[in-house]
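Student: I should like to learn how to read a structural model of this kind, feature by feature. Where should one begin?

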Amino acid sequence: MFNYALKRVLQLIPVLLLISILVFSLVYAIPGDPARMLAPPDASDEEIDRIAENLGLHRPLPVQYVDWFLGVLQGDWGRSISWGRPVLPDLLRRLPATLQLAGLSVIFSVGVAIPVGVLSATRQNSFIDSISRVGSLLGLSMPNFWVGMMLILLFALHLRWLPASGRRGFTYLILPAITLGTSGMATIMRVTRSTMLEVIRQDYVRTARSKGLSERVVIYKHTLRNALIAVITVIGLQMGFRLGGTVVIERVFAYPGLGQLAYQGMMHRDTPMIMGNLMLFATMFCLINLAVDLIYAFVDPRIRYG
Amino acid sequence: MRVTKWMWLAILMSLFLLFFTVGCGAPADPPVEPDEEVDEEEEEEPDEEPVAEPTRDQIVYIGVSSEPHRLDPRFGAGTVAARNVQTLVHDSLISWDDETLEIEYVLAEEVNVIDPQTYEVKLREGVLFHNGEELTTADVEYTYNTLRDPDAAASNFSHYAPIVEIEVHDDYSLTFHLEAPNMPFLYRLRADIVSKSYSEEHATDDNPYGDDYTNMNPLGTGPFKFVEWRTGEEIILEANDDYWQGRPKLDRVIFRPIPDATTRTVELQTGEIHINEEIDPVQVAITEADENVVVSRRSQMGFQSMGIHVNLGEPTDDVRVRQAIAHMMPREDIIDYVMHGLGEPAYGPIPPGHWAHEPNVPRFEYDPARAQELLADAGYPDGFEAELYVIEDSVRVQLCEIIQEELATIGIDVNINVLEGGAFWDQMRTGESQMFQTGWNAVTDPDDFMWRQFHSNSVPPHGANRQFYQNPEFDAIIEEALQTTEQSKRKELYSEAQKMVVEDASYVFIYHHQRALGQSPDLRDFEYSIYFNFRSLMDAYLAD
């Protein structure tokens, strides 16, 4: 198992390398000129060319990439074009805020989705089931920035229960975490319900019932446990998506995390900043996938990694 | 085997928890100083006794739309976000009235324009930087030397490039020598002054101006001292007890970047912030209806316009065609429906209020009949097809769609090309855009409204004369104005110039835009300035 994990971690290297080349080229393929955005609004084309040259943007793309790559190998992730300072310290300072938000949103979505999904599967076509199905459909269909705005208007403006923006304590996390977790919650709920329904029709569940086990044991030990593999897969994917979701959500809630930094980087075509962010996001995404694969083996004893 | 699996899970879970708790630790960080945590709730505490001095905590929170990147004014003066902080932490030699643009002295005690290329400055004595050192001409010289150094990549380099020599006479007087007569330079004396010793202290071989440090830790002579910048969260300033104009009444000013316009509005309505830097035009009406918010509008000192190429062949090379287009501009509708009222109709470049504004320019009012007549005279009674370029921005695109509709009624079939930022400027750079929508903002000297947009030498890539307006008579007037010291004489020349550019209609002026700002009714004696942002907070206070 250790060898397997090690192998998977080593596989990260080529994956990240490919991602970095792809993203680096993509940033340059997007129209937009970082020098223009840095220049005062009335700057002439000549001045903008001068700024571009100062930034080294006039060099061919592969040269710029290799320059950046060699820097990263030495722990220098480059200087942000718009902020004019090294990107790594900024990224690391913001990382905990984003992990915390993403973590809480996953706890929220899993905490709500699995119990409701189980209930709705065991009481198929009941009132609860209908509510949860409509709810998950809504959760999936509503764009999350809009959900965020509605929550702000309701809980911050009208009811004044919770703060609308910032990060000065736990209460500041509640609205963004719920917003970020809504669509994940809906997905997990649907998968839990459908997998449970599938498993519940299996012969061994009928056997378990017929040998007189309590419904509780049947549901939690025999049904849910077997449905869990699919649910965990979805949770893992959702955790990855949550990281991406922070880019939008952090902006709505003025939450000081990586997502806002990524957004600002993109708005300024700030390549080192975008690259730094994406490398962190990609690494986390890969590690989450690895964790999910390892958890499979724990949940389902039939799965083994040599 | 099962034990190993448990172990792995335990390791994974604890790693996750570790990350999570590391994250949770952050907001619990002790504040730098206890009074920073003070919340709005305390404001509701009953006053013990009415006294003349305000009793509530004098801490103002400002919700700003974007976070600054570089706080050192030598390098970050290009953005509103950075100017917000800089104008409070620093002082400049001069400033000016926001509406008339008449010059006022700040750190300068006197500015003598010896001739339009020689500016003598006498410095106020006894002004202290926040580190206790006295401001001298060495600091002024150092600041301007950075600004004019082509290798420094400072903000607004072109403004300071004309300086050929800075002659220091003594600790309190110096003279700027320019390469050529340049009256707008008077307005360039607004650059915020930084401390030479402080910057040099933090300079390294890789970073000769020390801006790696000063961008994060600015130091000036201004009414507020920089305390702390928690990126993404807040920038904290506190009153400068030794300020030469007297200590500000406010104890602290805290900037909170809140990028979303709706969130910013809500935060002002709930009292979490005292100033909302910018209200989205769509939300102005709703915000004005809230009695807990005072909405003010400030002219942006600029204009939005549509450029028409005069040198790209038929039909726009004919002035009658361009004037016809100008007559089809529905200014009021655009202001009402696109800008939600945040604007004033523009008939010329320089906004009303500015000392050089000329009210008697030819006014091309909305007049379809006259437009049709002009088109027929020019030989296009049935109209023609035209290309219009616009940057991808919902307001600007809407504006162009209205223009398109209007022009269609007189037979001009406009094809709107919506281009994303970089692509748009690449298109502008070609100098071959038949019609294009652009605007100017926070402009100061009348020359800044003229030279870069209309002088013959300003065609791309040297300037922004993307419509290739070339009129030797006009050039001669603005060249003379550049060398004229006397303001009344300059005003006459620019009046003439304004009439010319309007008449020739290489630009159709649409509106002078305004910015809406929301503030708490408790905040007194504060007025936002387009050029000096929150500077008047030095006199403001929170009423009980």
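**Reading the model, feature by feature**

Tutor: Let us begin with chain B, where 69% of the contacts between residues at least 6 apart in sequence join residues at least 24 apart. Please keep in mind throughout that this is a predicted model.

Student: How many helices and strands does chain B have, and what share of its residues counts as buried?

Tutor: Chain B holds 18 helices and 20 strands. Of its 544 residues, 57% count as buried.

Student: How should the size of the interface be read?

Tutor: The size of an interface is often given as the accessible area lost when the parts come together. Here chain A and chain B bury about 5400 Å² between them, and 56% of that area is on carbon and sulfur atoms. The contact involves 65 residues from chain A and 56 residues from chain B.

Student: How many salt bridges and polar contacts are there between chain A and chain B?

Tutor: Between the two chains there are five salt bridges. One of them pairs the side chains of Arg269(A) and Glu420(B), with an N to O distance of 2.7 Å. Twelve residue pairs are in polar contact between chain A and chain B, counting pairs with both residues at pLDDT 80 or more.

Student: Which elements of chain A give two or more residues to the side that touches chain B?

Tutor: Among them are helix 1 (2–29), helix 5 (87–122), helix 10 (215–252) and helix 12 (271–299) of chain A. Helix 5 of chain A gives the most, with nine residues. By class, this side of chain A has 31 nonpolar, 14 polar and 20 charged residues.

Student: How should one read the backbone angles?

Tutor: Most residues other than glycine have a negative phi, and most peptide bonds are trans. Three sites deserve a look in this respect. The peptide bond between Glu314(B) and Pro315(B) is cis, with omega of about -5°. Pro315(B) lies in the loop between strand 13 (303–308) and helix 11 (319–327) of chain B.

Student: What are the other two sites?

Tutor: Asn125(A) is not a glycine, yet its phi is positive, at about 70°. Asn125(A) sits in the loop between helix 5 and helix 6 (127–141) of chain A. Ala505(B) also has a positive phi, near 50°, and is placed in the loop between helix 18 (487–504) and strand 18 (507–519) of chain B.

Student: Is each of these two residues buried or exposed?

Tutor: Asn125(A) counts as exposed because its relative accessibility is 58%, and the cut-off for exposed is over 50%. Ala505(B) has a relative accessible area of 0%, so it is buried.

Student: What can be said of the cysteines?

Tutor: The structure has zero disulfides over all chains. Cys286(A) has 19% relative accessibility and therefore counts as buried, since buried means under 20%. Cys400(B) is buried as well, with a relative accessible area of 0%.

Student: How would one describe the surroundings of a single residue, such as His513(B)?

Tutor: One may state its element, its accessibility and its contacts in turn. His513(B) belongs to strand 18 of chain B, and is buried because its relative accessible area is 9%. Leaving aside neighbours within four places in sequence, His513(B) is in contact with residues including Arg298(B), Phe303(B), Leu342(B), Trp440(B) and Asn441(B). The side chains of His513(B) and Asn441(B) are also joined by a polar contact of 3.5 Å.

Notes
Residues numbered from 1 in each chain as written. Chains lettered and ligands numbered in written order. Heavy atoms only, no water. Disulfide = S-S within 2.5 Å. Buried < 20%, exposed > 50% of the residue type's maximum accessible area, 1.4 Å probe, protein only. Contact = heavy atoms within 4.5 Å. Buried area = accessible area lost by both parts, 1.4 Å probe. Salt bridge = Lys/Arg side-chain N within 4 Å of Asp/Glu carboxyl O. Polar contact = N/O pair within 3.5 Å; in protein donor to acceptor, adjacent residues only side chain to side chain. Helix = DSSP H or I, 4+ residues; strand = E, 2+ residues; numbered from the N terminus. Nonpolar A, V, L, I, M, F, W, Y, C, P; charged D, E, K, R; others polar.
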